[in-house]
Amino acid sequence: MVLAAAALFAAMTLQAKVQHATSDQVVRVEPPCWWTGMKTSLQLMVQGPGISGYDVSIQGKDGVSITGVHKADNPDFIFVDVAVSGTAVAGEYDLVFEKGKDKFRYTYTLGTKSSGQRESFSTSDVIYLIVPDRFANGDPSNDSTPDTDEKAAREEPFGRHGGDIRGIIDHLDYIADLGATAIWMTPLLKDNARWGSYHGYACADYYNIDSRFGDNALYKEMVSKAHEKGIKVIMDIVTNHCGTEHWWMQDMPFDDWVHKNDPYMGSNHMFTLAIDPNASASDRKIMEEGWFAQSMPDMNLDNPYLLKYFQQWAIWWIEYSGLDGFRVDTYFYNEKIPMSYWCKAVMDEYPWFNIVGENWNTNPDMVAYWQSGKENPDGFDSHLPSIMDFPLREAVNGALASSGEGHWHGGDISAVYNTIARDFQYHDLNRMLLFWSNHDTPRLGDVVGGNYAKMKLAFAMLSTIRGIPQMFYGDEMMFSTGTSRRDDGRLRMDFPGGWEGDTLNLFTEEGRQKAQSDSLYRGAADLHDYVRTLLNWRKGKEVIHSGKTLHFIPQNNTYAYFRYNDTDIVFVYINNSDTDANVTWSRFSEITEGLGEGRNVITGEPVTVSDDTLVPANSALIVEFTGK
């Protein structure tokens, strides 16, 4: 008690004698705050003119001390190791900087860790992917802001359209009603690119939300309001690269903070190089150190201070906002060993958390390598829990594609069967992100050539195949661009009704009914209701979340599979052909024997399946059976 009183008196005396640092003396300290009770050690990055010439101490309550100060190549930076003991208490602490008679302090805040055990996104969820700039404009006053260069230009496909966090908050009820239980938003952090900044993948500030979307407090409010409606929040982050407009590109701490690139060297984008045992070092170097694009400097995760910075940054956002998961962009462009350390640091702090990495490859073996727990020949473990099922996405798109669309040929459902037949290559099927389209692929509506029946087939499979389903906003009403070629600015389209003055409002039942007379959205209401029925049914089906799969070789472009556990069975019959088909029920006797009456999941009606059961062309039959 005496020691605590003495520490408090010393702190008060210090504050009376030492002036608080001006913004010219300490430009920034990151992480901007921290918490007691954290497993992760704290290392502060301090920026200020000539700050490396100062001695640093910390004053405040007991249990917090400085254990090391590291100079960077740039004298405007130091990295300060702060030990926060188990007895430390939340409150304000003063970092004191001293050089001769020059002395100033910077107040740093420690809170108390509040994120307890909770559930991250899993097979029980359906993830709704949003491009925030194109979803809904809830606050027109921030469409253009003084601290960002690019101004609003809704008429430009690659311009900023004004969608924001307030717009997402305003439409959480729509998402919840649809049956989605998690939202993944493309990056909301500041992107100050002078053109095309709407997508957010060229970060200019890792600790601040882009002012055209809102601010940190509003992001935190969105997470809280989403949780109130049973919706989890996944943050899209980028560790491989930042943007050329990031503040540190003008004043980098270390010479090797990013991979130097003069003359310019782009990545060779050869994803196999991190796995290939025969790959040349020079090829691998270009893959890892080449820039993703000229506007996106490649970060050097081999620099231990940068790696620590990114580990803390990720943990900071989880604790600050209470979010539920990460999606990591361009995952295997990163140096793979440091990135595995990044994943491990996050998972050590929050063992319940889930992280999915973008591992864009259509070969199952190349994708499977990146999932934590996979026994790889080289002994590598990524510590990455979840991976994206690009191989199955390719197969489904090929099976459903309209004739001659894109690079797909045949339209044969056998491609789906053959891909699922390779499930043995994956370590954990329940941690596979299942998706047919996203912000980087052609719109599914364009792939199927505007065929609403094919869209229903797509959602029938998305809702019943193993893994964690993710859908792209607007696919529930077949948003389309008119071309199956990838066209980023147009496929990331505005959601009708998200802007004041929109003639259609597809967020409402009334608006969707009205849209039936619109040539673009004539079947939107029916498809929306179909998807809503499936997603809300799926919420309570443990057999879909964790059951096993039994499937049968496709015949005549039809595909039958079962999801089953000890108590329930769900039968799915996909007729991908242009003719009606009879279900060959007797062929499935090894699992159907003893099954009686089931329930049609879409209509809710009782149904007894037999060899005489007819499934119309381009349609699905989904039947649930209970209590075998």
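**Notebook: loops, strands and helices**

I began with His269, which lies in the loop between β13 and α5. The model I am reading is a predicted one. I looked up the backbone of His269 and found phi near 60 degrees, a positive value in a residue other than glycine. Is His269 buried, exposed or in between? I noted a relative accessible area of 34%. Buried needs under 20% and exposed needs over 50%, so His269 is partly exposed.

I stayed in this loop for Pro263, which also lies between β13 and α5. The peptide bond leading from Asp262 to Pro263 is cis, and I read omega near 5 degrees.

I then checked another cis bond, the one that joins Glu30 and Pro31, with omega at about 0 degrees. Pro31 is in the loop between β1 (28–30) and β2 (34–36).

I looked up Met478 for its phi, which is near 55 degrees, a positive value in a residue that is not glycine. Met478 sits in the loop between β18 (468–472) and α13 (488–491). Its relative accessibility is 5%, so I entered Met478 as buried.

**Aromatic pair**

I counted aromatic pairs and got 65 in the structure. I took Phe254 and Tyr305 as one of them: the ring centres are 5.0 Å apart and the planes stand at 15 degrees, so I entered the pair as stacked. This pair links distant parts of the chain, with Phe254 in the loop between β13 and α5 (281–289) and Tyr305 in helix α6 (residues 304–321), 51 residues apart. I found both Phe254 and Tyr305 buried.

**Strands around β14**

Next I went to strand β14 (residues 325–328). Which residues lie on each of its faces? I noted Gly325 and Arg327 on one side, Phe326 and Val328 on the other, and all of them are buried, which leaves both faces covered.

I traced the pairing of β14 in both directions. With strand β13 (residues 232–237) the pairing is parallel, over 4 bridges, and Ile234 has Gly325 in β14 as its bridge partner. With strand β15 (residues 354–357) I again found 4 bridges and a parallel run; here Val328 is bridged to Gly357 of β15. I followed the chain from β14 through helix α7 (residues 336–349) to β15 and entered the three as a right-handed β-α-β unit.

**Helix α9 and Tyr426**

How many of the 11 residues of helix α9 (residues 390–400) are buried? I got 10, so I wrote α9 down as largely enclosed by the rest of the structure. Among the buried residues are Phe390, Leu392, Arg393, Asn397 and Leu400. I looked up what covers them, and the list includes α8 (364–368), β16 (386–388), α10, β17, α11 (444–447) and α12 (452–462). At the start of α9, a side-chain oxygen of Asp389 comes to within 3.1 Å of the backbone nitrogen of Leu392.

Asp389 also turned up in my entry for Tyr426: leaving aside neighbours within four places in sequence, the contacts of Tyr426 include Asp389, Pro391, Pro364, Met432 and Arg466. Tyr426 lies in the loop between α10 (414–420) and β17 (432–435). I noted a relative accessible area of 8%, so Tyr426 is buried. I also checked Lys374, 52 residues from Tyr426 along the chain, and the two C-alpha atoms are separated by 7.3 Å.

**Helix α15 and His551**

I looked at helix α15 (residues 524–538), where 15 residues reach 21 Å from first C-alpha to last, close to the 21 Å expected at 1.5 Å a residue. This helix is mostly covered, with 11 of its 15 residues buried. I listed the buried ones, including His528, Arg532, Trp537 and Arg538.

I ended with His551, which is in strand β19 (residues 548–555). Is His551 buried or exposed? I read 19% relative accessibility; buried means under 20%, so His551 counts as buried. Which side chain makes a polar contact with that of His551? I found Tyr559, at 2.7 Å. Not counting residues up to four places away in sequence, I noted that His551 touches Tyr417, Ile420, Ala421, Tyr559, Ala560 and Tyr561.

Terms used: Residues numbered from 1 in each chain as written. Predicted model: local features only at pLDDT ≥ 70, side-chain atom pairs only at ≥ 80, totals over all residues. Heavy atoms only, no water. Helix = DSSP H or I, 4+ residues; strand = E, 2+ residues; numbered from the N terminus. Buried < 20%, exposed > 50% of the residue type's maximum accessible area, 1.4 Å probe, protein only. Polar contact = N/O pair within 3.5 Å; in protein donor to acceptor, adjacent residues only side chain to side chain. Contact = heavy atoms within 4.5 Å. Expected span 1.5 Å × (residues − 1). Pairing = 2+ DSSP bridges. Right-handed = clockwise from strand over helix to strand, strands pointing away. Phe/Tyr/Trp six-rings, centres within 6.5 Å; stacked < 30°, edge-to-face > 60°.
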